[in-house]
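Student: I would like to work through this structure by question and answer. Can we begin with the empty space inside, then move to helices and charges?

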Amino acid sequence: MFVSKNLSVNENGHLTIGGIDTTQLAKKYGTPLYVMDEDLIRENCRSFKDSIDRYYGGEGLVCYASKAFCCKAMCRIMMEEGIGLDVVSEGELFTASSVGFPMDKVCFHGNNKTDEELSLAIRYGVGRIIVDNIYELERLGRLAGEAGKKVGIMYRIKPGIDAHTHDFIRTGQIDSKFGFALETGEAFEAVKKALEIENVELVGLHCHIGSQIFDIDPFVLAAEVMINFIAKIRDELGFEVKELNLGGGFGIKYTDDDTPVPYDKYMENVSVKVKELCKEKNVSLPFILIEPGRSIAAPAGITLYTVGGVKNIPNIRTYVSVDGGMCDNPRYALYKSKYDVVAANKASEPKSETVTIAGKCCESGDLIGEGMPIQKVEEGDIIAVLATGAYNYSMSSNYNRIPKPAVVMVKGGESRIAVMRENLEDIVRNDVD
(Lines give C-alpha, C1' and ligand atoms only; values in the text may rest on other atoms or scores of the structure.)
Protein backbone atom coordinates (compact mmCIF):
# COMPACT_ATOMS: atom_id res chain seq x y z
CA MET A 1 0.00 0.00 0.00
CA PHE A 2 2.81 2.39 0.88
CA VAL A 3 6.25 2.97 -0.67
CA SER A 4 7.98 2.13 2.62
CA LYS A 5 7.31 -0.99 4.66
CA ASN A 6 7.45 0.83 8.01
CA LEU A 7 4.19 2.65 7.25
CA SER A 8 0.73 1.38 8.07
CA VAL A 9 -2.81 2.44 9.04
CA ASN A 10 -4.14 1.97 12.58
CA GLU A 11 -7.64 1.30 13.87
CA ASN A 12 -8.41 5.03 13.78
CA GLY A 13 -7.63 5.19 10.07
CA HIS A 14 -4.46 7.20 10.75
CA LEU A 15 -1.07 6.76 9.14
CA THR A 16 1.55 5.22 11.41
CA ILE A 17 5.34 5.10 11.14
CA GLY A 18 7.16 2.47 13.16
CA GLY A 19 3.82 1.74 14.84
CA ILE A 20 3.33 5.33 16.06
CA ASP A 21 0.32 7.44 15.04
CA THR A 22 1.63 10.28 12.87
CA THR A 23 -1.20 12.61 13.88
CA GLN A 24 -0.08 12.24 17.49
CA LEU A 25 3.48 13.03 16.49
CA ALA A 26 2.25 16.17 14.72
CA LYS A 27 0.26 17.17 17.81
CA LYS A 28 3.17 16.54 20.19
CA TYR A 29 6.01 18.09 18.18
CA GLY A 30 4.25 20.47 15.75
CA THR A 31 4.60 20.75 12.00
CA PRO A 32 6.40 20.82 9.66
CA LEU A 33 8.10 17.78 11.16
CA TYR A 34 10.67 15.34 9.85
CA VAL A 35 10.13 11.85 11.27
CA MET A 36 12.82 9.16 10.95
CA ASP A 37 12.32 5.49 11.80
CA GLU A 38 15.51 4.40 13.56
CA ASP A 39 14.60 0.72 13.40
CA LEU A 40 14.38 0.85 9.58
CA ILE A 41 17.61 2.85 9.34
CA ARG A 42 19.39 0.12 11.29
CA GLU A 43 17.74 -2.61 9.23
CA ASN A 44 18.93 -0.96 6.02
CA CYS A 45 22.46 -0.64 7.42
CA ARG A 46 22.51 -4.33 8.31
CA SER A 47 21.26 -5.31 4.88
CA PHE A 48 24.22 -3.61 3.20
CA LYS A 49 26.71 -4.82 5.80
CA ASP A 50 25.47 -8.41 5.52
CA SER A 51 25.83 -8.28 1.73
CA ILE A 52 29.44 -7.08 1.99
CA ASP A 53 30.17 -9.89 4.43
CA ARG A 54 28.46 -12.46 2.22
CA TYR A 55 29.87 -11.55 -1.18
CA TYR A 56 33.33 -10.30 -0.20
CA GLY A 57 34.03 -12.49 2.80
CA GLY A 58 33.91 -9.52 5.14
CA GLU A 59 36.72 -7.80 3.22
CA GLY A 60 34.86 -4.55 2.76
CA LEU A 61 33.28 -1.55 4.43
CA VAL A 62 29.89 0.11 4.07
CA CYS A 63 30.22 3.91 4.42
CA TYR A 64 27.00 5.86 4.90
CA ALA A 65 26.88 8.91 2.60
CA SER A 66 26.11 11.42 5.32
CA LYS A 67 25.15 14.20 2.90
CA ALA A 68 21.82 12.36 2.60
CA PHE A 69 21.00 13.16 6.24
CA CYS A 70 23.59 14.08 8.83
CA CYS A 71 23.20 14.82 12.51
CA LYS A 72 24.73 13.50 15.73
CA ALA A 73 22.04 10.84 16.10
CA MET A 74 22.72 9.45 12.62
CA CYS A 75 26.47 9.35 13.23
CA ARG A 76 25.90 7.45 16.48
CA ILE A 77 23.63 4.95 14.72
CA MET A 78 26.25 4.32 12.04
CA MET A 79 28.96 3.91 14.67
CA GLU A 80 26.84 1.41 16.61
CA GLU A 81 26.07 -0.56 13.43
CA GLY A 82 29.74 -0.78 12.42
CA ILE A 83 29.17 1.43 9.38
CA GLY A 84 31.73 3.95 8.10
CA LEU A 85 30.98 7.49 6.95
CA ASP A 86 31.33 9.32 3.64
CA VAL A 87 31.62 13.04 4.47
CA VAL A 88 31.85 15.97 2.06
CA SER A 89 32.54 19.01 4.25
CA GLU A 90 34.18 20.14 7.45
CA GLY A 91 30.70 20.43 8.96
CA GLU A 92 29.93 16.76 8.36
CA LEU A 93 33.43 15.84 9.52
CA PHE A 94 33.05 17.89 12.70
CA THR A 95 29.64 16.33 13.39
CA ALA A 96 31.19 12.87 13.17
CA SER A 97 34.09 13.89 15.41
CA SER A 98 31.72 15.40 17.98
CA VAL A 99 30.29 11.95 18.78
CA GLY A 100 33.65 10.20 18.79
CA PHE A 101 33.21 8.51 15.41
CA PRO A 102 36.23 6.32 14.48
CA MET A 103 38.07 8.41 11.90
CA ASP A 104 39.73 5.40 10.28
CA LYS A 105 36.26 4.55 8.93
CA VAL A 106 35.73 7.98 7.33
CA CYS A 107 36.09 8.82 3.63
CA PHE A 108 36.39 12.57 2.96
CA HIS A 109 35.06 13.64 -0.45
CA GLY A 110 34.79 16.95 -2.29
CA ASN A 111 35.89 18.48 -5.58
CA ASN A 112 37.20 21.70 -4.00
CA LYS A 113 38.33 21.05 -0.45
CA THR A 114 39.89 24.06 1.25
CA ASP A 115 43.24 24.00 3.04
CA GLU A 116 41.28 24.36 6.29
CA GLU A 117 39.23 21.26 5.50
CA LEU A 118 42.26 19.21 4.48
CA SER A 119 44.15 20.31 7.59
CA LEU A 120 41.19 19.29 9.77
CA ALA A 121 41.07 15.88 8.08
CA ILE A 122 44.79 15.41 8.66
CA ARG A 123 44.50 16.46 12.28
CA TYR A 124 41.55 14.12 12.90
CA GLY A 125 43.34 11.22 11.23
CA VAL A 126 40.74 10.57 8.52
CA GLY A 127 41.29 7.13 7.04
CA ARG A 128 40.77 7.97 3.37
CA ILE A 129 40.83 11.37 1.70
CA ILE A 130 39.32 11.04 -1.77
CA VAL A 131 41.46 13.30 -3.94
CA ASP A 132 39.65 14.95 -6.85
CA ASN A 133 42.42 16.74 -8.76
CA ILE A 134 46.18 17.21 -8.98
CA TYR A 135 46.07 20.59 -7.23
CA GLU A 136 44.46 18.95 -4.22
CA LEU A 137 47.09 16.20 -4.25
CA GLU A 138 49.89 18.75 -4.19
CA ARG A 139 48.26 20.82 -1.45
CA LEU A 140 47.54 17.72 0.60
CA GLY A 141 51.16 16.58 0.29
CA ARG A 142 52.36 19.97 1.50
CA LEU A 143 49.90 20.13 4.42
CA ALA A 144 50.63 16.56 5.50
CA GLY A 145 54.34 17.31 5.40
CA GLU A 146 53.88 20.40 7.55
CA ALA A 147 51.91 18.28 10.04
CA GLY A 148 54.54 15.55 9.99
CA LYS A 149 52.02 12.94 8.93
CA LYS A 150 51.38 10.57 6.05
CA VAL A 151 47.79 10.40 4.84
CA GLY A 152 45.91 7.70 2.97
CA ILE A 153 44.23 8.81 -0.25
CA MET A 154 41.97 7.41 -2.93
CA TYR A 155 41.57 8.92 -6.37
CA ARG A 156 38.09 9.67 -7.63
CA ILE A 157 37.91 8.22 -11.15
CA LYS A 158 35.36 8.99 -13.86
CA PRO A 159 34.70 5.57 -15.39
CA GLY A 160 32.74 7.03 -18.33
CA ILE A 161 29.46 5.30 -17.45
CA ASP A 162 26.05 6.70 -18.40
CA ALA A 163 23.86 5.80 -15.44
CA HIS A 164 20.55 6.77 -17.16
CA THR A 165 19.49 9.17 -14.41
CA HIS A 166 18.80 12.90 -14.13
CA ASP A 167 21.53 15.04 -15.72
CA PHE A 168 22.08 16.89 -12.44
CA ILE A 169 22.89 13.66 -10.59
CA ARG A 170 25.01 11.86 -13.19
CA THR A 171 28.63 11.91 -12.05
CA GLY A 172 30.45 9.06 -13.81
CA GLN A 173 30.74 10.51 -17.32
CA ILE A 174 33.72 12.48 -18.66
CA ASP A 175 31.87 15.82 -18.55
CA SER A 176 31.61 16.03 -14.76
CA LYS A 177 33.10 18.37 -12.20
CA PHE A 178 34.22 15.33 -10.19
CA GLY A 179 37.36 13.28 -10.55
CA PHE A 180 39.96 12.15 -13.09
CA ALA A 181 39.01 10.94 -16.58
CA LEU A 182 40.18 7.57 -17.85
CA GLU A 183 39.66 8.25 -21.56
CA THR A 184 42.19 11.08 -21.75
CA GLY A 185 44.93 9.34 -19.77
CA GLU A 186 44.47 11.92 -16.99
CA ALA A 187 43.77 9.28 -14.34
CA PHE A 188 46.85 7.21 -15.20
CA GLU A 189 49.13 10.24 -15.09
CA ALA A 190 47.60 11.19 -11.74
CA VAL A 191 48.46 7.78 -10.33
CA LYS A 192 52.08 8.21 -11.41
CA LYS A 193 52.14 11.61 -9.73
CA ALA A 194 50.71 10.25 -6.47
CA LEU A 195 53.48 7.66 -6.29
CA GLU A 196 56.03 10.50 -6.38
CA ILE A 197 54.47 12.71 -3.69
CA GLU A 198 55.80 12.35 -0.18
CA ASN A 199 53.47 12.24 2.82
CA VAL A 200 50.60 10.68 0.87
CA GLU A 201 49.87 7.01 0.28
CA LEU A 202 47.63 5.94 -2.58
CA VAL A 203 45.56 3.21 -0.94
CA GLY A 204 42.79 2.90 -3.50
CA LEU A 205 40.51 4.15 -6.24
CA HIS A 206 36.96 5.45 -6.08
CA CYS A 207 34.14 5.84 -8.58
CA HIS A 208 30.54 6.96 -8.39
CA ILE A 209 28.30 6.90 -11.45
CA GLY A 210 25.22 8.76 -10.22
CA SER A 211 22.17 8.56 -7.98
CA GLN A 212 18.73 6.95 -7.94
CA ILE A 213 19.80 4.21 -10.37
CA PHE A 214 17.47 1.24 -10.93
CA ASP A 215 19.59 -0.72 -13.42
CA ILE A 216 22.27 -3.14 -12.21
CA ASP A 217 24.26 -3.12 -15.46
CA PRO A 218 25.90 0.33 -15.02
CA PHE A 219 27.28 -0.75 -11.63
CA VAL A 220 28.65 -3.97 -13.11
CA LEU A 221 30.21 -2.09 -16.01
CA ALA A 222 31.77 0.49 -13.68
CA ALA A 223 33.32 -2.31 -11.61
CA GLU A 224 34.70 -3.89 -14.79
CA VAL A 225 36.25 -0.60 -15.89
CA MET A 226 37.83 -0.05 -12.48
CA ILE A 227 39.33 -3.56 -12.20
CA ASN A 228 40.79 -3.19 -15.69
CA PHE A 229 42.36 0.11 -14.60
CA ILE A 230 43.78 -1.52 -11.47
CA ALA A 231 45.32 -4.21 -13.69
CA LYS A 232 46.82 -1.56 -15.99
CA ILE A 233 48.39 0.22 -13.01
CA ARG A 234 49.87 -3.06 -11.76
CA ASP A 235 51.17 -4.08 -15.17
CA GLU A 236 52.66 -0.73 -16.20
CA LEU A 237 53.68 0.83 -12.90
CA GLY A 238 54.25 -2.21 -10.72
CA PHE A 239 51.90 -0.79 -8.09
CA GLU A 240 49.06 -2.81 -6.61
CA VAL A 241 45.92 -0.89 -5.66
CA LYS A 242 44.62 -2.36 -2.41
CA GLU A 243 41.14 -0.81 -2.15
CA LEU A 244 38.26 -0.10 -4.50
CA ASN A 245 35.37 2.15 -3.55
CA LEU A 246 32.40 1.57 -5.88
CA GLY A 247 30.32 4.46 -4.53
CA GLY A 248 26.54 4.40 -4.10
CA GLY A 249 23.53 5.56 -6.07
CA PHE A 250 21.14 2.66 -5.47
CA GLY A 251 17.59 3.66 -6.36
CA ILE A 252 14.68 3.71 -3.92
CA LYS A 253 10.91 3.64 -4.28
CA TYR A 254 9.47 7.18 -4.10
CA THR A 255 6.25 6.33 -5.95
CA ASP A 256 4.58 3.24 -7.38
CA ASP A 257 6.25 4.03 -10.71
CA ASP A 258 9.67 3.28 -9.22
CA THR A 259 10.93 -0.30 -9.44
CA PRO A 260 14.17 -0.58 -7.48
CA VAL A 261 16.21 -3.76 -7.53
CA PRO A 262 16.82 -5.37 -4.13
CA TYR A 263 20.14 -3.99 -2.88
CA ASP A 264 21.44 -7.50 -2.33
CA LYS A 265 21.19 -8.14 -6.09
CA TYR A 266 23.38 -5.11 -6.85
CA MET A 267 26.00 -6.45 -4.49
CA GLU A 268 25.84 -10.02 -5.78
CA ASN A 269 26.06 -9.14 -9.48
CA VAL A 270 28.89 -6.67 -8.99
CA SER A 271 30.84 -9.09 -6.79
CA VAL A 272 30.62 -11.80 -9.45
CA LYS A 273 32.15 -9.46 -12.04
CA VAL A 274 34.83 -8.19 -9.65
CA LYS A 275 35.94 -11.71 -8.67
CA GLU A 276 35.81 -12.95 -12.27
CA LEU A 277 37.99 -10.10 -13.56
CA CYS A 278 40.45 -10.24 -10.68
CA LYS A 279 41.02 -13.92 -11.44
CA GLU A 280 41.31 -13.26 -15.17
CA LYS A 281 43.76 -10.39 -14.72
CA ASN A 282 45.64 -12.09 -11.88
CA VAL A 283 44.86 -9.13 -9.62
CA SER A 284 44.43 -9.49 -5.87
CA LEU A 285 40.83 -8.96 -4.82
CA PRO A 286 40.74 -5.40 -3.45
CA PHE A 287 39.10 -4.38 -0.19
CA ILE A 288 35.67 -3.16 -1.34
CA LEU A 289 33.90 -0.05 -0.09
CA ILE A 290 30.40 1.15 -0.96
CA GLU A 291 28.67 4.40 -0.05
CA PRO A 292 24.86 4.09 0.20
CA GLY A 293 23.10 7.19 1.51
CA ARG A 294 19.63 7.69 0.08
CA SER A 295 18.94 3.94 0.22
CA ILE A 296 19.60 3.89 3.97
CA ALA A 297 17.89 7.12 4.99
CA ALA A 298 15.15 7.98 2.49
CA PRO A 299 12.72 5.08 3.03
CA ALA A 300 12.96 5.59 6.79
CA GLY A 301 11.69 9.18 6.74
CA ILE A 302 8.49 11.13 6.21
CA THR A 303 7.60 14.80 6.55
CA LEU A 304 4.39 15.92 8.22
CA TYR A 305 2.63 19.18 7.30
CA THR A 306 -0.59 20.90 8.35
CA VAL A 307 -2.95 22.03 5.61
CA GLY A 308 -3.58 25.76 5.74
CA GLY A 309 -5.99 26.22 2.88
CA VAL A 310 -7.38 24.60 -0.26
CA LYS A 311 -7.73 26.75 -3.37
CA ASN A 312 -9.68 25.31 -6.28
CA ILE A 313 -9.25 26.96 -9.66
CA PRO A 314 -12.06 25.45 -11.80
CA ASN A 315 -10.82 23.48 -14.81
CA ILE A 316 -7.22 24.32 -13.90
CA ARG A 317 -6.04 22.75 -10.64
CA THR A 318 -6.51 22.56 -6.89
CA TYR A 319 -3.79 24.00 -4.67
CA VAL A 320 -3.38 22.53 -1.20
CA SER A 321 -1.19 24.86 0.85
CA VAL A 322 0.93 23.51 3.68
CA ASP A 323 3.04 25.07 6.43
CA GLY A 324 6.36 24.10 4.84
CA GLY A 325 7.66 23.91 1.29
CA MET A 326 10.87 24.35 -0.65
CA CYS A 327 12.67 25.56 2.47
CA ASP A 328 12.36 22.07 3.98
CA ASN A 329 12.13 20.05 0.73
CA PRO A 330 13.68 21.73 -2.33
CA ARG A 331 13.87 18.56 -4.43
CA TYR A 332 10.79 19.23 -6.54
CA ALA A 333 12.03 22.74 -7.33
CA LEU A 334 15.46 21.34 -8.21
CA TYR A 335 14.71 18.05 -9.96
CA LYS A 336 10.91 17.78 -10.34
CA SER A 337 11.27 14.87 -7.94
CA LYS A 338 8.10 12.86 -7.43
CA TYR A 339 6.69 11.80 -4.08
CA ASP A 340 3.74 9.86 -2.72
CA VAL A 341 1.53 11.72 -0.26
CA VAL A 342 -1.11 10.67 2.25
CA ALA A 343 -3.62 12.59 4.35
CA ALA A 344 -2.34 11.16 7.63
CA ASN A 345 -5.63 11.59 9.49
CA LYS A 346 -7.60 10.04 6.60
CA ALA A 347 -5.17 7.34 5.52
CA SER A 348 -7.83 4.62 5.36
CA GLU A 349 -9.92 6.62 2.89
CA PRO A 350 -9.49 6.35 -0.90
CA LYS A 351 -7.41 8.91 -2.75
CA SER A 352 -10.24 10.70 -4.51
CA GLU A 353 -8.55 13.94 -5.56
CA THR A 354 -5.56 15.07 -7.58
CA VAL A 355 -3.89 18.21 -6.26
CA THR A 356 -0.85 20.44 -6.34
CA ILE A 357 0.74 20.75 -2.92
CA ALA A 358 2.06 24.28 -2.48
CA GLY A 359 4.51 25.57 0.09
CA LYS A 360 4.35 28.81 2.03
CA CYS A 361 7.44 30.47 0.56
CA CYS A 362 7.02 33.61 -1.53
CA GLU A 363 7.88 31.78 -4.76
CA SER A 364 5.46 30.56 -7.43
CA GLY A 365 7.75 27.56 -7.88
CA ASP A 366 7.49 26.57 -4.23
CA LEU A 367 5.74 23.23 -4.72
CA ILE A 368 6.05 19.80 -3.13
CA GLY A 369 4.51 18.27 -6.22
CA GLU A 370 1.89 18.51 -8.95
CA GLY A 371 -0.79 16.04 -10.01
CA MET A 372 -0.57 14.23 -6.68
CA PRO A 373 -3.37 11.76 -5.80
CA ILE A 374 -4.61 12.24 -2.22
CA GLN A 375 -7.65 11.88 -0.02
CA LYS A 376 -10.08 14.81 0.11
CA VAL A 377 -8.32 17.29 2.36
CA GLU A 378 -9.34 20.45 4.16
CA GLU A 379 -7.87 23.04 6.50
CA GLY A 380 -6.24 21.49 9.54
CA ASP A 381 -5.62 18.05 8.02
CA ILE A 382 -2.17 16.50 8.40
CA ILE A 383 -0.38 15.56 5.18
CA ALA A 384 2.52 13.10 5.11
CA VAL A 385 5.04 13.23 2.28
CA LEU A 386 6.70 9.82 2.11
CA ALA A 387 10.31 8.72 1.61
CA THR A 388 11.79 12.08 2.64
CA GLY A 389 14.55 10.77 4.89
CA ALA A 390 17.29 11.81 2.45
CA TYR A 391 18.10 15.20 0.94
CA ASN A 392 15.30 17.01 2.74
CA TYR A 393 16.62 18.09 6.12
CA SER A 394 20.15 18.13 4.69
CA MET A 395 19.12 20.49 1.85
CA SER A 396 16.79 22.66 3.94
CA SER A 397 17.30 26.40 4.23
CA ASN A 398 16.05 29.50 6.01
CA TYR A 399 14.65 31.01 2.82
CA ASN A 400 12.13 33.73 3.73
CA ARG A 401 13.72 33.48 7.19
CA ILE A 402 11.62 30.45 8.00
CA PRO A 403 12.99 28.36 10.89
CA LYS A 404 13.98 24.77 10.06
CA PRO A 405 11.70 21.97 11.34
CA ALA A 406 12.56 19.52 14.07
CA VAL A 407 13.69 15.97 13.38
CA VAL A 408 12.10 13.23 15.47
CA MET A 409 13.41 9.68 15.71
CA VAL A 410 11.00 6.83 16.42
CA LYS A 411 12.19 3.49 17.75
CA GLY A 412 10.37 0.60 19.35
CA GLY A 413 7.14 2.54 19.67
CA GLU A 414 8.78 5.56 21.33
CA SER A 415 9.76 8.95 19.91
CA ARG A 416 12.48 11.45 20.72
CA ILE A 417 13.88 14.69 19.35
CA ALA A 418 17.04 14.21 17.29
CA VAL A 419 17.32 17.80 16.02
CA MET A 420 15.52 20.65 17.73
CA ARG A 421 13.14 22.93 15.86
CA GLU A 422 14.69 26.32 15.15
CA ASN A 423 13.06 29.35 16.71
CA LEU A 424 13.05 33.03 15.80
CA GLU A 425 16.10 33.71 17.94
CA ASP A 426 18.01 31.14 15.88
CA ILE A 427 17.14 33.11 12.75
CA VAL A 428 18.89 36.28 14.01
CA ARG A 429 21.60 34.56 16.04
CA ASN A 430 24.44 35.48 13.68
CA ASP A 431 23.17 38.91 12.73
CA VAL A 432 25.31 41.83 13.88
CA ASP A 433 23.50 44.72 15.58
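Student: Which element gives the largest share of the lining of the largest cavity?

Tutor: This is a predicted model. Three elements give two or more residues each to that lining: α8 (217-237), α9 (263-281) and β13 (287-290). The largest share is three residues, and it comes from α9.

Student: Which residues lie nearest the centre of the largest cavity?

Tutor: The cavity holds about 120 Å³ of space. By class, its lining has twelve nonpolar residues, one polar and no charged ones. Of the 13 lining residues, those nearest the centre are Phe219, Leu246, Phe250, Val270 and Ile290.

Student: How many cavities of 30 Å³ or more does the structure hold, and how much space lies in the second largest?

Tutor: The structure holds two cavities of 30 Å³ or more. The second largest is lined by Tyr34, Met36, Phe69, Ile302, Thr388, Gly389, Tyr393 and Val407. By class, that makes six nonpolar, two polar and no charged residues. The space in the second largest cavity is about 40 Å³.

Student: What end-to-end span should α8 have, and what does the model give?

Tutor: α8 has 21 residues. The rise is 1.5 Å a residue, so the expected span is 30 Å. The end C-alpha atoms agree with that, at a separation of 30 Å.

Student: Which elements do the buried residues of α8 pack against?

Tutor: Start with the buried residues themselves. They are Pro218, Phe219, Val220, Ala222, Ala223, Val225, Met226, Ile227, Phe229, Ile230, Ala231 and Ile233. Their packing partners are β9 (151-158), α7 (186-194), β11 (200-206), β12 (243-245) and α9.

Student: Which residue follows α8, and what is its phi?

Tutor: Look just past the helix. The residue there is Gly238. Its phi is positive, near 70°.

Student: What covers the buried residues of α5?

Tutor: In α5 the buried residues are Glu117, Leu118, Leu120, Ala121 and Ile122. Just after the helix, Gly125 has a positive phi of about 80°. The cover over the buried residues includes α4 (90-98), β7 (106-108), β8 (128-131), α6 and β9.

Student: Is Val151 buried or exposed?

Tutor: Val151 sits in strand β9. Its relative accessible area is 7%. The cut-off for burial is under 20%. Therefore Val151 is buried.

Student: Which residues does Val151 contact, leaving aside its neighbours within four places in sequence?

Tutor: First, a distance. Val151 and Val126 are 25 residues apart in sequence, with their C-alpha atoms 8.0 Å apart. Beyond four places in sequence, the contacts of Val151 are Ile122, Leu140, Ala144, Asn199, Val200 and Glu201.

Student: Now charges. How far apart are the closest N and O atoms of Glu81 and Arg46?

Tutor: A search of the whole structure finds 28 salt bridges, and this pair forms one. Glu81 is in the loop between α3 (72-80) and β6 (84-87), while Arg46 is in helix α2 (residues 38-56), 35 residues apart. Glu81 is buried at 10% relative accessible area, whereas Arg46 is partly exposed at 45%. The closest N and O atoms are separated by 2.7 Å.

Student: Which residues are linked in a network of salt bridges?

Tutor: Glu81 and Arg46 form a salt bridge. Both belong to the network. Its full membership is Glu38, Arg42, Arg46, Glu80, Glu81, Lys411 and Arg416.

Student: How many residues apart in sequence are the parts tied together by Arg142 and Asp115?

Tutor: Arg142 forms a salt bridge with Asp115, with 3.3 Å between the closest N and O atoms. Arg142 counts as partly exposed at 38% relative accessibility, and Asp115 does too, at 27%. Arg142 lies in helix α6 (residues 134-147) and Asp115 in helix α5 (residues 115-124), so the bridge ties together parts whose separation in sequence is 27 residues.

Student: Which helix holds both Glu189 and Lys192?

Tutor: These residues form a salt bridge, with the closest N and O atoms 3.1 Å apart. Glu189 is partly exposed at 45% relative accessible area, and Lys192 is partly exposed at 30%. They are three residues apart, about one turn of the helix, and that helix is α7.

How values were computed
Residues are numbered from 1 along each chain as its sequence is written. This is a predicted model: local features need pLDDT of at least 70, side-chain atom pairs count only at pLDDT 80 or more; totals for chains, interfaces and linings use all residues. Side-chain values use heavy atoms; hydrogens and water are left out. On a 1 Å grid over the protein atoms alone, a cavity is a set of points where a 1.4 Å probe fits but cannot get out, and a pocket is an open set with protein on both sides within 12 Å along at least five of seven lines; lining residues have an atom within 4 Å of a point. Grid points are joined across faces, edges and corners, and a volume is the space filled by probe spheres set on the points. Helices (H or I, at least four residues) and strands (E, at least two) are DSSP runs, numbered from the N terminus. Ala, Val, Leu, Ile, Met, Phe, Trp, Tyr, Cys and Pro count as nonpolar, Asp, Glu, Lys and Arg as charged, and the others, Gly among them, as polar. The expected span of a helix is 1.5 Å times one less than its number of residues. Buried means under 20% relative accessible area, exposed over 50%, partly exposed in between (1.4 Å probe, protein chains only). Contact means heavy atoms within 4.5 Å. A salt bridge is a side-chain nitrogen of Lys or Arg within 4 Å of a carboxyl oxygen of Asp or Glu.
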